[in-house]
Amino acid sequence: MHDILTIDGISYPVNIVSLTETSEFANKYATRTENWDLRRELSGIFFNYEMTIGEIQDPATAAALWDKLHEMEEFHTFRLPHNNGFITFQGYIGGVSRPLKRRKGGVNYWGGYTIKFIAKKPQIQ
C-alpha cells in the first residue's frame, strides 16, 4: 500500500513511515512587563512537517523524487496528510537526508528519505 506525496501537482507513490506535524505560533509582537507578565499578539499559526518515507524500490522514481526535492525553486506547492484528510500549501524544502543502503549492478539503492516541509505563510491567521 502506498501513500501519495504530491509536490507541484506531481504525485509520488511512497510509503510514509512517519509524519510529524509541528504547529509554530508566530507573534506579531511579544514583550515582558516589569513584573515579567507576557504581553503578545498572535499573528498566525504555521503547520510544518517532517516526513520519513520508506525505501523506494524503483530507482527511476527515487531519482525523480530526489531531483524534485532539489530543484532551485524558492517555493513549491505541497499536498500532505492533515487531520482526517489533506492540506495543500505553499512552502519550501527545509532539508532532505537519505542513507545509501547498497549498490547492486552499478545502481545505488537509497534508504528512506527524511524531508522537512516549511510553510511559506501561516495556515491560520
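Which side chain makes a polar contact with the side chain of His76? It is the side chain of Asp8, at 2.6 Å. The model behind this report is predicted.

## His76 in strand β5

His76 lies in strand β5, which covers residues 76-82. Is His76 buried or exposed? At 3% relative accessibility, His76 is buried, because the cut-off for buried is under 20%.

Its surroundings come from several parts of the chain. Leaving out residues up to four places away in sequence, His76 touches Ile7, Asp8, Lys68, Glu71, Phe89, Gln90, Gly91 and Ile93. Asp8 is thus in the contact list of His76 and is also its polar partner through the side chains.

## Lys68 in helix α1

Lys68 sits in helix α1, residues 59-69. Its relative accessible area is 9%. Lys68 therefore counts as buried.

Which residues does Lys68 contact beyond its neighbours within four places in sequence? They are Ile7, Asp8, Ile10, Tyr12 and His76. Ile7 and Asp8 also appear among the contacts of His76.

## The sheet

The strands form an open sheet of seven, in the order β2-β1-β5-β6-β9-β4-β3. The pairing is antiparallel. The edges are β2 (10-14) and β3. Each edge strand has a single partner, so one of its sides has no neighbour in the sheet. On average, neighbouring strands are turned by 40 degrees against each other, direction ignored.

Helix α1 packs on this sheet. The helix touches β1 (3-7), β2, β4, β5, β6 (85-97) and β9 (114-119). Its direction makes about 130 degrees with that of β2.

## The β3-β4 pair and its loop

How many bridges join β3 to β4? There are 15, and the two strands run antiparallel. In this pair, Ala30 stands opposite Arg40 of β4. Strands of a sheet pair through backbone hydrogen bonds.

Between β3 (16-32) and β4 (38-53) runs a loop that holds Asn35. Asn35 is exposed, at 61% relative accessibility, because the cut-off for exposed is over 50%. The side chain of Asn35 makes a polar contact with the side chain of Thr33, at 2.4 Å.

## Summary of the three residues

- His76: strand β5, buried at 3%, with a side-chain polar contact to Asp8.
- Lys68: helix α1, buried at 9%, in contact with His76.
- Asn35: the loop between β3 and β4, exposed at 61%, with a side-chain polar contact to Thr33.

Methods:
Residues numbered from 1 in each chain as written. Predicted model: local features only at pLDDT ≥ 70, side-chain atom pairs only at ≥ 80, totals over all residues. Heavy atoms only, no water. Helix = DSSP H or I, 4+ residues; strand = E, 2+ residues; numbered from the N terminus. Buried < 20%, exposed > 50% of the residue type's maximum accessible area, 1.4 Å probe, protein only. Contact = heavy atoms within 4.5 Å. Polar contact = N/O pair within 3.5 Å; in protein donor to acceptor, adjacent residues only side chain to side chain. Pairing = 2+ DSSP bridges. Axes fitted to C-alpha atoms, helices over the stretch in contact; angles between N-to-C directions.
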